[in-house]
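The following exercises concern confidence, a helix pair and a pocket. Each task is followed by a worked solution.

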Amino acid sequence: MIRHADGYWAETVVRSPDAGGEWHLGGHWAASPEGALAWMREQAERLATTLDPPADPRGPFPTTVLAPVTDGSWNPGLVFAEWATDLGYQQVQRRALREGRPVSVNTRGPDRLCGLGHVEVHYSFSARPIHRHTTARRLLRAA
C-alpha cells in the first residue's frame, strides 16, 4: 500500500571522511516529486559547473589554471552534468518517489582542503517523501 506523501525533502550534502566533516549545501521542500527533482537538477547543474568549469576564456577561471580530467580519474562534475540531462533516469526516480522510496545521486572525487592537502570528498543529492503523523496533520489543518 502506497501512502500519499505530505511533501518531499531534497538536499545536497558533501562529506569528507578524511577531513572529518559534513557540509549541507542546501535543502528544499517540494510539494511533488517533480518539484524535488527539478530542484535537484538545478543543484546538479550548479555543482557540475563549479566542480568542472568550462575552459572558456570568458569564464570565471583563466584557462591556464584549468586542466582536463585524465581518463580513469574521478570527475564529480561530469557525473552531475550527465545526471541532469538524463531525463529517462529521472523518470525512474520520479516514480520511486511517488511510490514512497527515497532517491539519490552520488559520486566522489579528490579535493584539496586548506591544511589537510588532498582528501576524498563524497557528494550527494537526495530526495525523500515525508509522511507526517496523522495527529500532526490534524493540528496543522486546525491552525
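Helices, H or I, are DSSP runs of at least four residues, numbered from the N terminus. The model examined here is predicted.

**Exercise 1.** Determine in which helix confidence is lowest and in which it is highest.

*Solution.* Begin with the whole protein: the mean pLDDT is 83, and 72% of the residues reach 70 or more. Next, turn to the elements: the lowest confidence falls in helix H4 (residues 134-142), with a mean of 56, whereas H3 has the highest, at 97. Finally, consider the reading of such values: where pLDDT is low, the predicted coordinates should not be read in detail.

**Exercise 2.** Classify the mutual orientation of H2 and H3, and describe their contact by residue and class.

*Solution.* First, take the geometry: the axes of helix H2 (residues 76-85) and helix H3 (residues 87-98) cross at roughly 75° and come within 6 Å. Second, apply the cut-off: angles of 65 to 115 degrees count as roughly perpendicular. H2 and H3 are therefore roughly perpendicular to each other. Third, list the contact: H2 contributes Trp83, Ala84 and Thr85, and H3 contributes Leu87, Tyr89, Gln90 and Gln93. By class, this contact of H2 with H3 comprises four nonpolar, three polar and no charged residues.

**Exercise 3.** Characterise the lining of the second largest pocket by residue, element and class.

*Solution.* Start with the volume of the second largest pocket, about 170 Å³. Eleven residues line this pocket, and Val14, Leu51, Asp111, Val121 and Tyr123 are the closest to its centre. Then assign elements: strands E1 (7-16), E2 (21-30), E3 (103-113) and E4 (117-130) and helix H1 (33-51) each supply at least two lining residues. H1 provides the largest share, three residues. Lastly, sort by class: the lining has eight nonpolar, two polar and one charged residues.

Conventions:
Residues numbered from 1 in each chain as written. Predicted model: local features only at pLDDT ≥ 70, side-chain atom pairs only at ≥ 80, totals over all residues. Heavy atoms only, no water. Axes fitted to C-alpha atoms, helices over the stretch in contact; angles between N-to-C directions. Parallel < 35°, antiparallel > 145°, perpendicular 65-115°, else oblique. Contact = heavy atoms within 4.5 Å. Nonpolar A, V, L, I, M, F, W, Y, C, P; charged D, E, K, R; others polar. pLDDT = per-residue confidence, 0-100. 1 Å grid on protein atoms, 1.4 Å probe; cavity = no way out; pocket = protein on both sides within 12 Å on 5 of 7 lines; lining within 4 Å. Points joined across faces, edges and corners; volume = space filled by probe spheres on them.
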